[in-house]
Amino acid sequence: MTEPMPTAQRELRAADLAAVRAQLGREPTTPFTVVARCTGGHPLVIRNVPLDAAGDPFPTTYWLTCPDAVKAISRIESEGWIASLNERMTDDEAFRASVEAAHDVYAADRATDLAAAHAWGGVAGTRIGIKCLHAHYAYRLAGGDDPVGAWVAERIEPVHADQRRGRVAAIDQGTNSIRLLVVEPAAEPGAPATELARDMLITRLGLGVDRSGRFDHDALVRTVEALGTFCRRARALGAERIRVGATSAVRDAENRDEYAAAVRTLAGSELEVITGEQEAGLSFLGGTHGLDPGRGPFAVQDIGGGSTEFVVGAAPGIAEHAISTRMGSVRMTERHVRHDPPTAEDLASLEVDVASVLDEVDASVAVRDARTFVAVAGTATTLQAIALDLSRYDPDRIHRTWLTRGDAERVRDALAAMTDVERAALPVMAPGRGDVIVAGAVILVATMRRFGLDRALVSESDILDGLALEMLGG
Ligand SMILES: [Zn+2]
């Protein structure tokens, strides 16, 4: 795998930049992503890159931006609690050990963006003691196992009096990535739920499962660590239930019980191994939820790492026919891509494999009858980000926009001509996607050609949203 780009330089919504600017009352000093939101959807915690615009160290990775939360914590600080908690550090061995562990993990987290930044210390840029309660609370909301953050939470939550009950979290465990969505139910039925957190990490749990039938040990360790962070983050945001749905590679792995045991411990729920049919229904729900019923029938394509689902239905949200194929971007890359960049022979054997899977799809699901073709998940959204020539990944610019077949072909050809390193360096490319996106692009373009689809409605909401919508009963 190629060296990942710092998360915070890849993805940012223009609306969040404006909101944070207003919250801080100044221009943000470093690029950031939003890690947590409040009731109402405004940013609560952002994640900063380690260097500010001038190139100087910026040790506070997680920064609290909601003015009400900031005020509530400043009140506690003015009561002298920083000194009291530091005294407790000297008296209480277990407390001290857990604060120091939080500092260590925080420093390691920052070092994933910039190795040299490890030396800048832990929470709020210190290695010993407690310096800033805002920073500890922000870290807790970002998934940090931080006893000081937990202590603060007990004293200030709920920050907003209108916070609604019934918050839930959904985690989608795929072949290539693990994704988190935390939502608060809408105030009235029919209104959209408020997104409190949405994140994705590429851990490659399915690495090699196609060949060995088992999870690779390191991939499993990496994935369980990400799962732990996501579950802490969901709980810190008040999620009452955490649902973990696993697809494709997890279905196929002999040692999936090891992952299931981690889910039981960390999420407090049983792992749901989602069948191909359920996966299709959830993708369709996520991809078509809220669309105009007059634009049906709909076909949804969900290109994953290990499988691709095709689902059709006359009305939004209600899947009628589906097929799950063992054709995914990771699986197809492992099978056919032998060179970097792929040679014409690599691409030809990939095309042949994809074409034979599409024969199967053509025989079982009426994709070609769809009036609206919806393409969900990372392959399609990333192709659209490149087609739109975005300088950073802005989901608001991508969600429910049209990608023409011509643009999809143009981007596929451009990506196929690049090396893994060149693709990974594109400003909109998620870490770990650069080397598998060519196979994903081939699948998307071949599908549009085969079924005579001139354009795809690209959707940021997919199976993950489907999992959460089901939890909310919508
Ligand atoms: Zn707030």
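**The zinc site and a pocket**

In this predicted model, the zinc ion has as its protein donors Cys38 (SG), His42 (NE2), Cys66 (SG) and His160 (NE2), which lie 2.0 to 2.3 Å from the ion; donors are N, O and S atoms within 2.8 Å of the metal (3.2 Å for Na, K and Ca), and water is not among the atoms, so sites may look incomplete. The 4 donor atoms subtend angles of 98 to 118 degrees around the zinc ion, and the arrangement is therefore tetrahedral, a label given to four donors if all angles lie between 85 and 135 degrees. For comparison, the ideal angle for four tetrahedral donors is 109.5 degrees.

Along the chain, the donors follow the spacing C-x3-H-x23-C-x93-H. His42, in the loop between strand 1 (32–37) and strand 2 (43–48), and Cys66, in the loop between strand 3 (62–64) and helix 3 (67–78), are 24 residues apart, and this pair links distant parts of the chain; helices (H or I, at least four residues) and strands (E, at least two) are DSSP runs, numbered from the N terminus. Cys66 is buried, with a relative accessible area of 0%, whereas His42 counts as partly exposed at 26% (buried means under 20%, exposed over 50%, partly exposed in between, with a 1.4 Å probe and protein chains only).

Residues are numbered from 1 along each chain as its sequence is written. Local features need pLDDT of at least 70, side-chain atom pairs count only at pLDDT 80 or more, totals for chains, interfaces and linings use all residues, and side-chain values use heavy atoms, with hydrogens and water left out.

Methods:
Four donors count as tetrahedral if all angles lie between 85 and 135 degrees; four count as square planar and six as octahedral if opposite donors are over 155 degrees apart and all others between 65 and 115; anything else is irregular.
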